[in-house]
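Subject: The two-chain model, with notes

Hi there,

Here is the structure I promised to pass on to you. Have a look at it first, and then read my notes underneath.

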Amino acid sequence: MATSSFFTNLDQIFILLRDWLVSFLPAAMRPAAGVVLGVIAIVCVFPGLFALTTVFERKGLARIQNRLGPNRVGPYGLFQPVADGIKSLTKEDVVPLSANAVVHFLAPLVLVVTVFMGFAVLPMGRNMVLVDMDAGLLFFFAMGAATELSVFMAGWSSRNKYSLLGAMRAVAQMISYEVVLLLSAVSVVMITGSLSLPKIVDAQNTYTGIFPHWYIFTPWGLAGFLMYAIAATAETNRSPFDLPEGESELVAGYHTEYSGFKFALFFLGEYLAMFAISGLGTTLFLGGWSAPFSFLTFIPSWIWFFSKVMLSIFVFIWMRGTLPRLRQDQLMNFAWKFVLPYTLLNLLVTALWRFMGEGWLRWVVCTAILLAAYVAMGRLSMRNQHFGPRRYRYAE
Amino acid sequence: MLGEGILKGMAETARNFFGSYVSKERLTTVEYPEERIATIEAARVFPFLVYDGADWEAGMRCVACQICEKECPPKCIFIEKSKDKKPDYVGKQQFYPARFDIDVSVCMSCQICVEVCPFEAIKMDNEFELATSDRFGGLLYDRKELARSNEYYHSIHPTEASEVDARLNEEKAKVEAKAKAAAAAAAAKAAATVPPAPAAGGGS
């Protein structure tokens, strides 16, 4: 009994800590102070994770290319982000003469603020959600859509052709994939019947034997998760969908004209968006903070949440180390001709799953439909593709 | 099937990722300041002046002919000819450079000075750690800084240095043989001219 209460306390340690700190204040101020403490925790933890991720990303990419990666600053190069931070703080902040100074200044702030807002509704552990909103999912997507605004603000206000091209690409790409992102999340909402993220986690936090009821372990959930992962990669401008900042074509895309700490803010915003979208994917499909086996439930819920997020980040890095950048037309074709129809089909399959009731039949039917559609769409779209050396019509 | 190539690629990168922790052969990086690989023999950076023997000033091969100064494409060599002469490696009296400066911030390491030098006096060094905090004086090398012994030349470019030595020795031998022959001829002439004198006298 003593051990179980120890683990329960460890699970709720941050909540207990917050309540203990708040108890020093008069009762009238306690709710507000609790929220402020939660905000402080989020604002400290995620940039810290960002700093670690930049090192691990550079080291991981280096290892993928059989290099050593940064290992000069501190043990194993772990203090590299400190050096990078000092560098970006001491660099000159250059604003182009013809730029719109106000919008140019606001763009990185808008990005970071809106991305941080998304964390407010993510359940990072049992009872660990800053605002338990009924329409948390909707709030998250609203905030995610606002980041597009900041990208376009940055690109447009810089008065630079590369910035503007990057911003145009970014907006085209983000709007295309936003649709997929929303629709793949809708199938989860159809099953749970709730837009509240803690409720979605609770719905997955049950076990058959030792195995959990995560949505990724159902046919529609797996398909939905794959589509969500593709859309999330595009939404966060990560390779292979990093066209908005394709450094070989557009210098740096929409943040070409940013230097010093404003650039660091863009960098931070990009990684925070990665954390947020991985956190949402974890919540929707990977069971949020629930343990992967029923006998592991004693491990604190927040450990599970953060390890799942970091695992997703690792997959992001792994993909970046593997895949080349797409062309703009390939990107659009992929979004509108493959990912979107497949996500729509997945909605139908989810409905079928919902109304076929319990039993093995729905597993067979849903798997068959999704697999057949995947193979058929793959065959159809690849039918007219030529592989091999590029042929030039006029140049030869 | 769609996505097969992506999975194959991911497997390949995963193999690299884990393999680089397991096998040392995958990591080709040489962490430079701590560990370094020996420079190859043909490596060249900036020129230096070769001297024979122990004293750099007396043994300097350069005779201040100024061919390299004229040929140098970026004009980084400056030579001032001496007023007096000193004997070169075969003992002939030659001028020597009173000043020989190379501005290595201008030098482009083309090796043309080495190609045109008829006296094997200027060669390419492979020393590359030349960083200095003084970008004007520190990068303008005078003849003392440029002087390197023939042994040093042997240590950095052994093959080339042996060829050069062989050629120089051959020339020296030729000159010595010529001198010997000339001496012999002179001796013979002297021998030939001395004895007939009385005969000539007797003949008259």
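Below is what I found, starting with confidence and then moving through the chain contacts, the sheets, a helix pair and two backbone details.

Please keep in mind that this is a predicted model. Its scores are ipTM 0.76 and pTM 0.79. For chain B the average pLDDT is 85, and 95% of the residues score at least 70. The stretch to treat with care is residues 200-204 of chain B, where the pLDDT is below 50. Beyond near neighbours in sequence, that stretch has 0 contacts in the model.

**Where the chains meet**

How many residues of each chain are in contact with the other? On chain B there are 13, and they touch 14 residues of chain A. The chain B side of this contact consists of 6 nonpolar, 6 polar and 1 charged residues.

Helix 1 of chain B (residues 4-22) is a good place to look, as it meets helix 12 of chain A (residues 301-322), with the two axes coming within 9 Å and crossing at roughly 100°. An angle from 65 to 115 degrees counts as roughly perpendicular, and so helix 12 of chain A and helix 1 of chain B are described that way. From chain A, the residues in this contact are A:Trp318, A:Gly321 and A:Thr322, while chain B contributes B:Gly9, B:Met10 and B:Thr13. By class, that gives 2 nonpolar, 4 polar and no charged residues.

Helix 1 of chain B also packs against helix 3 of chain A, at an angle of about 100° and with the axes 7 Å apart. These two helices are therefore roughly perpendicular to each other as well. Here A:Gly60, A:Arg63 and A:Ile64 of helix 3 touch B:Thr13, B:Asn16, B:Phe17 and B:Ser20 of helix 1. The contact of helix 3 of chain A with helix 1 of chain B has 2 nonpolar, 4 polar and 1 charged residues. If you want one residue to click on, try B:Thr13, which is listed in the contact with helix 12 of chain A and in the contact with helix 3 of chain A.

**Two sheets in chain B**

One open sheet of chain B has 3 strands in the order 2-5-7, with antiparallel pairing. Its edge strands are strand 2 (77-81) and strand 7 (140-141), each of which pairs on one side only. Strand 5 (residues 97-103) pairs with strand 7 over 2 bridges, and strand 2 pairs with strand 5 over 5 bridges. To find your way around, look for B:Glu80 opposite B:Arg99 of strand 5. Towards strand 7, B:Ile102 stands opposite B:Tyr141, and B:Asp103 stands opposite B:Leu140.

Another open sheet of chain B has 3 strands in the order 6-1-8, and its pairing is mixed. Strand 6 (122-124) and strand 8 (147-149) are the edges, each pairing on one side only. From one strand to the next, the twist averages 50°. Strand 1 (residues 47-51) runs parallel to strand 8, the two being paired over 3 bridges. Within that pairing, B:Leu49 has B:Ala147 as its bridge partner.

**A helix pair in chain A**

Which way do helix 7 and helix 9 of chain A run relative to each other, roughly parallel or roughly antiparallel? The axes of helix 7 (residues 161-192) and helix 9 (residues 219-235) come within 8 Å and cross at roughly 155°. Angles over 145 degrees count as roughly antiparallel, so that is the description for this pair. Helix 7 of chain A passes helix 9 of chain A in a left-handed crossing. The residues making the contact include A:Tyr177, A:Leu181 and A:Val188 of helix 7, and A:Trp220, A:Met227 and A:Tyr228 of helix 9. In total, the contact residues divide into 12 nonpolar, 4 polar and 2 charged.

**Two backbone details in chain A**

The peptide bond from A:Ser239 to A:Pro240 is cis, with omega near 5°. A:Pro240 lies in the loop between helix 9 and helix 10 (247-250) of chain A.

The other detail is A:Tyr76, which has a positive phi of about 55° although it is not a glycine. A:Tyr76 belongs to the loop between helix 3 (30-64) and helix 4 (80-90) of chain A.

Happy browsing, and best wishes!

Definitions and conventions: Residues numbered from 1 in each chain as written. Chains lettered and ligands numbered in written order. Predicted model: local features only at pLDDT ≥ 70, side-chain atom pairs only at ≥ 80, totals over all residues. pLDDT = per-residue confidence, 0-100. Contact = placed C-beta atoms within 7 Å. Nonpolar A, V, L, I, M, F, W, Y, C, P; charged D, E, K, R; others polar. Pairing = 2+ DSSP bridges. Helix = DSSP H or I, 4+ residues; strand = E, 2+ residues; numbered from the N terminus. Axes fitted to C-alpha atoms, helices over the stretch in contact; angles between N-to-C directions. Parallel < 35°, antiparallel > 145°, perpendicular 65-115°, else oblique. Left-handed = near helix turned anticlockwise from the far one by under 90°.
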